[in-house]
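Trainee: I'd like to learn how to read a model like this one. Could you take me through it feature by feature?

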Amino acid sequence: MKSILITIGQLVFSLVMYIIGTAYFGLALIPVIAIVLKAWNTGLLMQPLGRYALLGFSLAAGYFIFGFSMII
């Protein structure tokens, strides 16, 4: 009986930690999404090569911003 309670406690703890982690990652992705959407809207009138480069640079910058957001 005691082992069942421990197992249920571990399950609840794991689920709570996954929920907290998901919320934290979602909050850290907000600046990245803003930068990529701004680059997307800016690049709509550009030639394809320039648009792809702009999106690539914005994704690379977003990757670093995401990492810094996770540290903060």
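Trainee: Let's start with one residue: where is Gln47 found?

Mentor: Gln47 is found in the loop between α1 and α2. Those helix names come from DSSP runs (H or I, at least four residues, with strands being E, at least two), numbered from the N terminus. Before we go on, some housekeeping: this is a predicted model, where local features need pLDDT of at least 70 and side-chain atom pairs count only at pLDDT 80 or more, while totals for chains, interfaces and linings use all residues. Residues are numbered from 1 along each chain as its sequence is written, and side-chain values use heavy atoms, with hydrogens and water left out.

Trainee: Is Gln47 buried or exposed?

Mentor: We go by relative accessible area: buried is under 20%, exposed is over 50%, and partly exposed is in between (1.4 Å probe, protein chains only). Gln47 has 63%, so Gln47 is exposed. Now try Gly43, which also lies in the loop between α1 and α2: Gly43 counts as buried because its relative accessibility is 0%.

Trainee: Which residues is Gly43 in contact with, leaving aside its neighbours within four places in sequence?

Mentor: Contact means heavy atoms within 4.5 Å. On that basis, Gly43 is in contact with Arg51 and Leu54, once neighbours within four places in sequence are set aside. Leu54 lies in helix α2, and at 28% relative accessible area Leu54 is partly exposed. Leaving out neighbours within four places again, Leu54 is in contact with Ala39, Thr42, Gly43 and Met46.

Trainee: Now the helices themselves. What does α1 reach from its first C-alpha to its last?

Mentor: The yardstick is the expected span, 1.5 Å times one less than the number of residues. Helix α1 (residues 2–42) has 41 residues and reaches 60 Å, close to the 60 Å expected. For α2, with 24 residues, the reach is 35 Å, close to the 34 Å expected.

Trainee: Where does α1 bend?

Mentor: A bend at a residue is the angle between axes fitted to the seven residues ending there and the seven starting there. In α1 there's a bend of about 35° at Leu29, and a proline, Pro31, follows within four residues.

Trainee: Which residues of α1 are buried?

Mentor: A bit of helix geometry first: an α-helix has 3.6 residues a turn, so residues three or four places apart point the same way. The buried residues of α1 are Ala28, Val32, Val36 and Ala39, and they pack against α2 (48–71). On the other side, α2 buries Leu55, Ser58, Gly62 and Phe66, and what covers them includes α1.

Trainee: Take Ser58 from that list. What does Ser58 touch?

Mentor: Not counting residues up to four places away in sequence, Ser58 touches Ile35, Val36 and Ala39. Ser58 counts as buried because its relative accessibility is 5%.

Trainee: How do I describe the way the helices pack?

Mentor: Two packed helices are described by the angle between their axes and the distance between the axes. The axes are lines fitted to C-alpha atoms, for helices over the stretch in contact, and angles run from 0 to 180 degrees between N-to-C directions. Here the axes of α1 and α2 come within 9 Å and cross at roughly 160°. That makes α1 roughly antiparallel to α2; the cut-offs are under 35 degrees for roughly parallel, over 145 for roughly antiparallel, 65 to 115 for roughly perpendicular, and oblique for the rest.

Trainee: Which residues meet across the two helices?

Mentor: From α1 they include Tyr24, Phe25, Leu29, Pro31 and Trp40, and from α2 they include Leu59, Ile65, Ser69 and Met70.

Trainee: Last one: is Met1 buried or exposed?

Mentor: Met1 lies in the segment before α1 and counts as exposed, at 75% relative accessibility. Met1 and Met70 are 69 residues apart in sequence and 40 Å apart in space, C-alpha to C-alpha.
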